[in-house]
Structures are given as C-alpha cells and as structure tokens.
Amino acid sequence: MSGEVIVDALPYIDQGYDEPGVREAALAMVEEETRRYRPTKNYLEHIPPLNATAFETDVMKQEFERLQNRLPMDVLSMKRYELPPPPPGKMNDLASWTESVQNSYAQLEHQATRICNLELMTIYGSEAWKTYLQVLMKLVADAQKKLQTLKKQIQEVNWQRKSMQIQGGEKLKALEEEWVGLVSKNYEIEQACVYLEDQIRLMPVQNGNIDDD
C-alpha cells in the first residue's frame, strides 16, 4: 500500500532504550519530522461545516440579540398573579365583574395546585430522589464495568503483543546465531579457498624446480 509505514520496533525485546542520548536522539528525530511535515490536503474536508444555530430556539435567538445589543433584561411580569378589579368606567358592569371573579378563581386554583404539588413533593420527593440516585448509581456501575472490561482488553492486547514479541525475539536470536554461524563458515571456506588457490599457483613453480634439478 502506498504511504504505508512498517514499524519494526520491538520494545519488549529491543535493548538500549535507556542508554544515554537515545531519548534525546528520538525526540530530535520526531522534531525534525514534525518540522518537515506539511499536510497536502485538509483532513477535515469530509466533515460538513458546523451549524452553531441548529439548536437555537426563537427565545434563545431573541435573548442573544438582546445581549448583543446590550439591552437590559425584561423584568419578570407579575401581571398574571394580580387580581385587578374592573376599570373605573366599568365598575357597574356585570360582565367586567364576572371576568374579574373568574380570574380570581383561576388564580386560586393555581395556588391550590402549587400547594398540592408541594405536599406531594414532601411525601414522595425523597422516594423519587432515592429512585433517581439508584438509577444514577446503576449507570455509574455500568460505566465502571465497561471501563474494567476495556482495561482488561487492553491488558490482554499488551500481553499478547509481549508474548508475540518474545517469541519473535527468540526466533530472531536463533536466526541471528544461525546467520553468524553461516557467515563464519563462509569466511572459513573463503580462507580455505584462498589458501588452496595460493597452493595451486605455487605448484608449477615447485614442479619446475624439481625438473631443473
């Protein structure tokens, strides 16, 4: 494959990493490669541009616009909680008084509902909170279990890598010893060949000396 990098480092069996200057040399090589590296393409071009306004509601947009214009925040309206009487011009109007009374009924019902919610929270709020905590603790336990599983898988991968490297190191050592032996034998054979060639070259001279005698 074009551009494929083959990593031949075997950290579990290689020696010399702790020798003086090795770490500095490695860091210098990394720095040199980083300085020479120039990306030829944008590796993020396949990702669509970020839409920062995708989750903004109309209320959020209005609030952001208010903040951008440095306008003060609107005061909380308490009008819905008021019980206004009919206007001065309609004090004798039955419909206006009926509307005011209906508004008071609505306000009273709203306050009664709030009181009911408070009573329910007092009775069942602690149990609901306990249930929420139980769910939360279960989520934490599940996350911790997944974390332990991942750690175990990582450890197994590391052990497998170490075992493979140790086995490979033993094979490399055996092959290296075999190579050294073969090179030594080749050297001995070459030396023997040179010696025999020298002896062969000297043989005619010796025969000539014998004939002359």
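Is Glu32 buried, partly exposed or exposed? Select Glu32 and take a look: with a relative accessible area of 31%, Glu32 is partly exposed. Keep in mind as you go that this is a predicted model.

**Stop 1: helix H1**

Stay with Glu32 and add Arg36 to your selection. Their side chains meet in a salt bridge, at 3.4 Å from N to O. Both residues belong to helix H1, which covers residues 22-36. They sit 4 residues apart, about one turn of the helix. Arg36 counts as exposed because its relative accessibility is 56%, and the cut-off for exposed is over 50%.

**Stop 2: the largest pocket**

Keep Arg36 selected, since it also helps line the largest pocket. Now add Val22, Ala25, Ala26, Met29, Val30 and Glu33, and you have the lining. What volume does the largest pocket have? It comes to about 160 Å³. Sorted by class, the lining has 5 nonpolar and 2 charged residues, with no polar ones.

**Stop 3: helix H2**

Next, select Glu63 and Arg66. Here you'll find another salt bridge, with the closest N and O atoms 2.3 Å apart. Both partners lie in helix H2, 3 residues from each other, which is again about one turn of the helix. Which of the two is buried, and which is partly exposed? Arg66 counts as buried, at 13% relative accessibility, whereas Glu63 is partly exposed, with a relative accessible area of 29%. The dividing value is 20%, because buried means under 20% relative accessible area.

**Stop 4: the loop after H2**

Move on to Arg70. You're now in the loop between helix H2 (58-68) and H3. Check the backbone here: the phi of Arg70 is near 55 degrees, a positive value in a residue other than glycine. Why look twice at that? Most residues other than glycine have a negative phi. Turn on the surface as well, and Arg70 counts as exposed, at 77% relative accessibility.

**Stop 5: a nonpolar patch**

Go to helix H3, residues 94-212, and pick out Tyr132. Then add Trp129, Leu133, Val135, Leu136, Leu139 and Val140: together with Tyr132 they form a nonpolar patch on the surface. The accessible area of the patch is about 660 Å². Zoom in on two of its members. Tyr132 counts as partly exposed, at 44% relative accessibility. Leu133, which is also in helix H3, counts as partly exposed too, at 32%.

Before you leave Leu133, try a distance label. How far is its C-alpha atom from that of Arg201? The two C-alpha atoms are separated by 99 Å, and the residues are 68 apart along the chain.

**Stop 6: a salt bridge in H3**

Select Lys138 and Asp142. Their side chains meet in a salt bridge, at 3.2 Å from N to O. Because they are 4 residues apart in helix H3, about one helical turn separates them. Lys138 counts as exposed, at 53% relative accessibility, while Asp142 is partly exposed, with a relative accessible area of 31%.

For the last selection, head back to H1 and pick Glu32, Arg35 and Arg36. Salt bridges that share partners join these residues into one network. How many salt bridges turn up in a search of the whole structure? The search finds 6, and the tour has shown you some of them, including Glu32 with Arg36 and Glu63 with Arg66.

Definitions and conventions
Residues numbered from 1 in each chain as written. Predicted model: local features only at pLDDT ≥ 70, side-chain atom pairs only at ≥ 80, totals over all residues. Heavy atoms only, no water. Patch = residues over 30% accessible without salt bridge, like charges linked within 9 Å, V, L, I, M, F, W, Y side chains within 5 Å. Areas by Shrake-Rupley, 256 points an atom, 1.4 Å probe, with all protein chains shown as cover. Salt bridge = Lys/Arg side-chain N within 4 Å of Asp/Glu carboxyl O. Helix = DSSP H or I, 4+ residues; strand = E, 2+ residues; numbered from the N terminus. Buried < 20%, exposed > 50% of the residue type's maximum accessible area, 1.4 Å probe, protein only. 1 Å grid on protein atoms, 1.4 Å probe; cavity = no way out; pocket = protein on both sides within 12 Å on 5 of 7 lines; lining within 4 Å. Points joined across faces, edges and corners; volume = space filled by probe spheres on them. Nonpolar A, V, L, I, M, F, W, Y, C, P; charged D, E, K, R; others polar.
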